[in-house]
Amino acid sequence: MTATRPLLARLLLVPAVLLLPATGCVVVDTSSPGTGAGSVSTPAPGEPPSAEDGDAAERMARAVFERVNDERAARDLAPLEWDESLAGVARDWSEQMAGEGRLQHQDVRALLDREELSGFAGIGENIFTSSGSVPAGAAHAGWMRSDDHRVNVLNPGWNRIGIGFFCAPDGSVWATQEFGRTAGADRPEVSQETPPQEPIARPEEDGPACG
């Protein structure tokens, strides 16, 4: 499930969602043994990377995090909290995709069985790559212009997010967004409906970049 769009370099973005069945998505069930509201502790939210400190990949992650919540605020959706466990998964997966030179989803169902994600009842994933350096805003704008990716970015059922960029030695850029719903989250059900594209609150394709 890929969508291509010319923008200084070749971009590829692919969503996978732990949702009820929806056309065009990799679909698995949102429930997993042991993720009932009373069976696990809810992980505490974390702090996103600094906008000033850190390397380029961290600054890019922070920029996209802010843009995601700007989009949600513009549509009267609750913001997403940063989750470092999800971010660690996202960073590792971006680096692994770069190492293999292949844009693909990990087994999103299996993520719910990982110890560090035991407090989650549902996970969704968006992935991205560019063959050359592009700013963080290019990834965000590309995700927002894709129906399947907006299902994750603007889903009322998620309450956490982790983002990981990887700047590969060959100049390519790889990124992963992991969206999560903690067990017992006070949010609506995870939706399968595709939100309209417009208005995009942050359409500008700028921001920090690799290098």
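**View 1. Asn155 is buried at 1% relative accessibility.** Buried here means under 20% relative accessible area, with exposed over 50% and partly exposed in between (1.4 Å probe, protein chains only). Asn155 sits in the loop between helix 5 (147-153) and strand 6 (160-167). Helices (H or I, at least four residues) and strands (E, at least two) are DSSP runs, numbered from the N terminus. The Asn155 side chain makes polar contacts, defined as pairs of N or O atoms within 3.5 Å; within protein, one must be able to donate a hydrogen and the other to accept it, and residues adjacent in sequence count only if both atoms are side-chain atoms. One contact reaches the backbone nitrogen of Gly157 at 3.0 Å. Another joins a polar side-chain atom of Asn155 to the backbone oxygen of Ser191, at 2.8 Å.

The model is predicted: local features need pLDDT of at least 70, side-chain atom pairs count only at pLDDT 80 or more, and totals for chains, interfaces and linings use all residues. Residues are numbered from 1 along each chain as its sequence is written, and side-chain values use heavy atoms, with hydrogens and water left out.

**View 2. Helix 4 is largely enclosed by the rest of the structure, because nine of its nine residues are buried.** The helix spans residues 136-144. Its buried residues include Ala136, Gly137, His140, Trp143 and Met144.

**View 3. Phe65 and Trp82 form an edge-to-face pair.** The chain has two aromatic pairs. Their ring centres lie 5.5 Å apart and the planes stand at 90°, so Phe65 and Trp82 count as edge-to-face. Rings of Phe, Tyr and Trp (its six-membered ring) pair if their centres lie within 6.5 Å; planes under 30 degrees apart are stacked, over 60 edge-to-face, and the rest tilted. Phe65 belongs to helix 1 (residues 56-74) and Trp82 to strand 4 (residues 81-82), 17 residues apart, so the pair links distant parts of the chain. Both Phe65 and Trp82 are buried.

**View 4. Phe128 and Trp143 meet edge-to-face.** The centres are 5.9 Å apart, with 65° between the planes. Phe128 lies in strand 5 (residues 120-130) and Trp143 in helix 4; the pair links distant parts of the chain, 15 residues apart. Phe128 and Trp143 are both buried.

**View 5. The whole chain has five helices and seven strands.** From the N terminus, the elements run β-β-β-α-β-α-α-β-α-α-β-β. Of the 211 residues, 53% count as buried.
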